[in-house]
Amino acid sequence: MDARAVNEVNSAAGGVWPLSWTTRWDRPMHVNVQNVVRTFGVTPALHGVSLEIEPGELVALLGPSGSGKTTLLRILAGLDIPTEGRVMFDGDDALKLTVQQRNVGLVFQNYALFRHMNVLDNIGFGLRVRPRTRRPSRKEICKRALELLDLVQLSGLEKRFPSQLSGGQRQRVAFARALAIEPRLLLLDEPFGALDAKVRRDLRRWLLELHNKTGHTTVFVTHDQEEALELADRVVVMSEGRVEQIGTPDDVYDAPNSPFVFSFIGESSVLPVRVEQRKVWLNEKPLDLPASDVPNGPAKLFLRPHDVDVVDNVSGAIVGEVTVLRRHAGLRRVDLEVGAQRHRIEIELPADFSLNLASPVAFLPRRYRLYPASQALGS
Amino acid sequence: MTDAAIAPLLVAPIEGPRVTTERPLVQVTLIGVAVIFLVLFLLLPLAAVFVEALRAGLGTYFAAITEPDAVAAIKLTVLVAAIAVPANVVFGLAASWAIAKFEFKGKSVLNTLIDLPFSVSPVISGLIYVLLFGAQGYFGPYLQSHHIQIIFALPGIVLATIFVTFPFVARELVPLMQEQGTQDEEAALSLGASGWKTFLKVTLPNIRWALLYGVVLCNARAMGEFGAVSVVSGHIRGKTNTMPLHVEILYNEYNFAAAFAVASLLALLALITLVIKIGLEWRYADQIAASRRH
């Protein structure tokens, strides 16, 4: 991405939404997905997904590849049809509507701009292909396309072809094209997936501004947890065709309800422990960690590497021996071997914290989650 | 694109540091063999056609190609191509659209069937039509009783030509359309475009140069086809003789000047096709690259 595109993105935040657009739109749409199942042949892609999206909400579908998030987005768009279940738009059955009738703005990961049309024709496409009775005049289409170009801060580029634009610019043209049909719902498939890190960050901020201005109900698919947490009002964490957790970014980060969510969102370290007498036991030693609502027996202790305190008092703390030290931005990553099984665990300490290889470190997590071993995945 | 990558190796200086370890003699021999082959089998015959055609002078040349039977052959050839090429554009577009944009059972069978005319000898393809529509064929009695003439008439020639040239358009389009995927179409549909408008305004413009390329190749083959047409045409002078058949008849009558004169027109067509092909490849390389397998 070139520097010019980045600057344009930065200045995009100050754009003014044309008055004619704010008054034209209806109320944002409410979406209700009920027990949607989708199988491809014998392979299930979605097993009974339910999800309610409030009007004007910005929702992220977050999950690894193969989690079914894109299938769900395509079902919302009408490009795919569920095997079972219902999809309601404002209380009406959306499955009765074809993709054209749904009036959904769709932005693809690779933008899917029409390469043989210039920017203005791309944006006006949705209006030009309307049936004659609902089609605005040529002049009106041009005027609206120019307004939208202004909204996405690309004024002056209307005669360019997609191949003459940077990735970030193409992305914004794709947004303008989707907005031109006055969609009731905006769906974004990995909207920043093909962009480099700097442009991604700037476009995220731009998207938030745009969403605040236009107020569309918006659903976007991403595999990037950072993007989901930063942008979304609510995050839907998906795995293997199921919804693992739905919640605000704070909910899913601070109170992940499953080992999968804990390890998928943010960094995590895991220790095998035992729960007995409402306490966490590590190698026959009780830790100063209460375990109130976890059944007795083997369990996994999940913690965030950066969310630990080094303590002087060895009793009741997790004690490990330093095996690897690595500098990571403002912090130092420390690999420890814990207990007789020499279980490896990673924590992060301030960069100026004095440590030597093979020296013992005692610490306690500030926040942690316990999951019964039967439920926990991974190490 | 591989051509460009290999070229520097071939032109590596004979003197000074060298890229390969082959002795200069080997290099010269290999290049020499290639050049001799090219001259002997491609350039010489082409030149011979024009030399022989003009040997007896321009007057004889023009007399040969304006003679009524020759004019009839030219007209028939153009007419057959004018029917067969558009038909194959429609069939080719429909087949590639289905294969590249949709998933369905039997897709690989369809894909293989499209290549069938490439792997069947043209004479056999001609015979099939004789077997079906000829006087002794399956539908022969029915056609005769309704006074419909297919074999030894224009319909037979057109059918045989369509069969033989069927793969050209589809073979150009399928790989390109597969590479382009369905996202553009999905975007158009989500913007409210009907299926037909999506095809006209999005799919077709995306493949226009590859389509033209396919049409040029298809046309060249349609006009030059000999084997299949020879079986079904009946060689009736001035009626069912196409240009290649006319050339053969003239040649068999030892009328070399006239044979080569008509042949030179076909050679000219080949040259024009080649120029258009190179022009398209040069100008729209990226859009045709996906289908460059011939």
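**Group meeting: domains, an interface and two local spots**

Let's start inside chain A: 8 residues of its domain 1 are in contact with 6 residues of domain 2. Before I go on, please keep in mind that this is a predicted model.

So where are those two domains? Domain 1 of chain A runs over 3–260, and domain 2 covers 267–372. Their C-alpha centres sit 41 Å apart. Between them, domain 1 and domain 2 of chain A bury about 590 Å², with carbon and sulfur atoms giving 48% of that. On the domain 1 side, the residues that lose the most area to domain 2 are Tyr253(A), Pro256(A) and Pro259(A), and together they account for 71% of what that side buries.

What about polar links here? The count of salt bridges between domain 1 and domain 2 of chain A is 0. There are, however, 4 residue pairs in polar contact between these two domains, both partners at pLDDT 80 or more. If you look for the element behind the domain 1 side, go to helix α10 of chain A, residues 249–254, which gives the largest share with 3 residues. By type, that side of domain 1 splits into 5 nonpolar, 2 polar and 1 charged.

Okay, over to the two chains. Here 22 residues of chain A are in contact with 19 residues of chain B. On area, chains A and B bury about 1900 Å² between them, and 57% of it is on carbon and sulfur atoms. Which three residues supply the most on the chain A side? Gln100(A), Arg115(A) and His116(A) do, with 30% of the area that chain A buries against chain B, more than any other three residues.

Let's stay with Arg115(A) for a moment. Its side chain meets that of Asp184(B) in a salt bridge, 3.2 Å from N to O. Across the whole A–B interface, the rule finds 2 salt bridges. The same interface has 6 residue pairs in polar contact, again with both residues at pLDDT 80 or more. As for secondary structure, the chain A elements that give two or more residues to this side are α4 (99–102), β6 (104–107), α5 (119–128) and α7 (167–180). And the make-up of that chain A side is 13 nonpolar, 4 polar and 5 charged.

Next, a helix in chain A: α3, residues 69–77. Why call it largely enclosed by the rest of the structure? Because 7 of its 9 residues are buried. The buried ones in α3(A) are Lys69(A), Thr71(A), Leu72(A), Leu73(A), Ile75(A), Leu76(A) and Ala77(A). Yes, there's a lysine on that list. Right after α3(A) comes Gly78(A), and its phi is positive, near 95 degrees.

Last stop, Arg237(B). Find it in the loop between α11 (227–233) and α12 (243–252) of chain B. Is it buried or exposed? In between, really: the relative accessibility of Arg237(B) is 34%, so it counts as partly exposed. Setting aside neighbours within four places in sequence, Arg237(B) is in contact with Asp69(B), Ile249(B), Leu250(B) and Glu253(B). With one of those, Glu253(B), it shares a side-chain polar contact of 2.5 Å. If you want a reference point elsewhere in the chain, take Ile83(B): it and Arg237(B) are 154 residues apart in sequence and 21 Å apart in space, C-alpha to C-alpha.

That's my tour, thanks.

How values were computed
Residues numbered from 1 in each chain as written. Chains lettered and ligands numbered in written order. Predicted model: local features only at pLDDT ≥ 70, side-chain atom pairs only at ≥ 80, totals over all residues. Heavy atoms only, no water. Domains from an automatic or database assignment. Contact = heavy atoms within 4.5 Å. Buried area = accessible area lost by both parts, 1.4 Å probe. Salt bridge = Lys/Arg side-chain N within 4 Å of Asp/Glu carboxyl O. Polar contact = N/O pair within 3.5 Å; in protein donor to acceptor, adjacent residues only side chain to side chain. Helix = DSSP H or I, 4+ residues; strand = E, 2+ residues; numbered from the N terminus. Nonpolar A, V, L, I, M, F, W, Y, C, P; charged D, E, K, R; others polar. Buried < 20%, exposed > 50% of the residue type's maximum accessible area, 1.4 Å probe, protein only.
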